[in-house]
Amino acid sequence: MKKSLQSVIVPYGLTLGVISILITVLIYALNLELFTKWYITLINLAIVLVIGIMAVKQVKAIDPEPFFSFKSAFSAFFFTVLLGSFISIVFTGILFNFIDSEAAKYVQEMTLEASREMMENFGAQQAQIDAAIAQQEGNNPFGWKNLFMGFAFSIVLYAILSLIIAAIFKEKDPNRA
């Protein structure tokens with residue numbers, strides 16, 4: 001990785017990680033039920049996009065090459081959000097596994113209730129609802145395994161977003177066909 005790329009990825013990734021931690025702490029302090037709300041996920045995704053794009057723009061501004069490459073744009077976005085997300089996942093795991101495991105149980109109960117309500121609203125039969133809830137009951141969403149499985153899913157999502165962002169920000173060399 002080029003020195004200029006690293007000099008942007010690390011501070012922006014750390015910034016994203018710290019912002020994610022602050023959001024988690026704020027939600028934890030205000031209302032644990034917010035962890036079950038879909039719009040919180042959208043807010044987090046918007047923050048990831050904004051900070052990732054800021055990193056791409058910064059790399060583009062300091063890139064010594066005459067044309068900003070797809071690879072540089074992809075790397076700037078992907079590794080920035082990867083670092084920030086990893087920091088967030090580790091903090092969340094520490095918070096809900098070591099600091100306050102009771103909060104994790106409460107959020108799990110709220111998630112089960114939200115799932116039940118959603119399935120009822122979609123007209124699912126009671127037997128289907130009961131089976132789905134039974135399957136989820138023993139599943140701690142903040143367990144290390146689930147956190148890192150979610151992180152693995154995020155890596156795929158971030159790779160797709162990185163491809164899109166890189167396609168938007170890359171510049172073609174008019175001298176190359």
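**Figure legends: helix H6 and the overall fold**

**View 1. Span of helix H6 in the predicted model.** Helix H6 comprises the 26 residues 144-169. At 1.5 Å a residue, helix H6 should span 38 Å, and the 36 Å separating its end C-alpha atoms agrees with this expectation.

**View 2. The buried residues of helix H6 and their cover.** Buried positions of H6 include the aromatic residues Phe-151, Tyr-158 and Phe-169. Leu-147, Leu-161, Ile-165 and Ala-166 are also buried, as are Ser-154 and Ser-162. Residues three or four places apart on an α-helix point the same way, because the helix has 3.6 residues a turn. The cover over the buried residues of H6 includes helix H2 (38-62) and helix H3 (70-99).

**View 3. The helical architecture and its extent.** The protein contains 6 helices and 0 strands, in the order α-α-α-α-α-α from the N terminus. Its radius of gyration is 20 Å, well over the 16 Å given by the globule rule for 177 residues, so the protein is more spread out than a compact globule. Along the principal axes, the C-alpha trace spans about 65 × 35 × 25 Å.

**View 4. Contacts and burial across the chain.** Among contacts in the protein with a separation of 6 or more, 81% join residues 24 or more positions apart. Of the 177 residues, 33% count as buried.

**View 5. Surface and charge distribution.** The protein exposes about 10,600 Å², of which carbon and sulfur atoms supply 65%. The protein carries 12 positive and 13 negative charges, and the mean positions of these two sets lie 17 Å apart.

Conventions
Residues are numbered from 1 along each chain as its sequence is written. This is a predicted model: local features need pLDDT of at least 70, side-chain atom pairs count only at pLDDT 80 or more; totals for chains, interfaces and linings use all residues. Side-chain values use heavy atoms; hydrogens and water are left out. Helices (H or I, at least four residues) and strands (E, at least two) are DSSP runs, numbered from the N terminus. The radius of gyration is taken over C-alpha atoms; the globule rule is 2.2 Å times the number of residues to the power 0.38. Buried means under 20% relative accessible area, exposed over 50%, partly exposed in between (1.4 Å probe, protein chains only). Contact means heavy atoms within 4.5 Å. Accessible areas come from the Shrake-Rupley method with a 1.4 Å probe; for residues, only the protein chains shown count as cover. Lys and Arg count as positive and Asp and Glu as negative; His and the chain ends are not counted. The place of a charge is taken as NZ of Lys, CZ of Arg, CG of Asp or CD of Glu. The expected span of a helix is 1.5 Å times one less than its number of residues.
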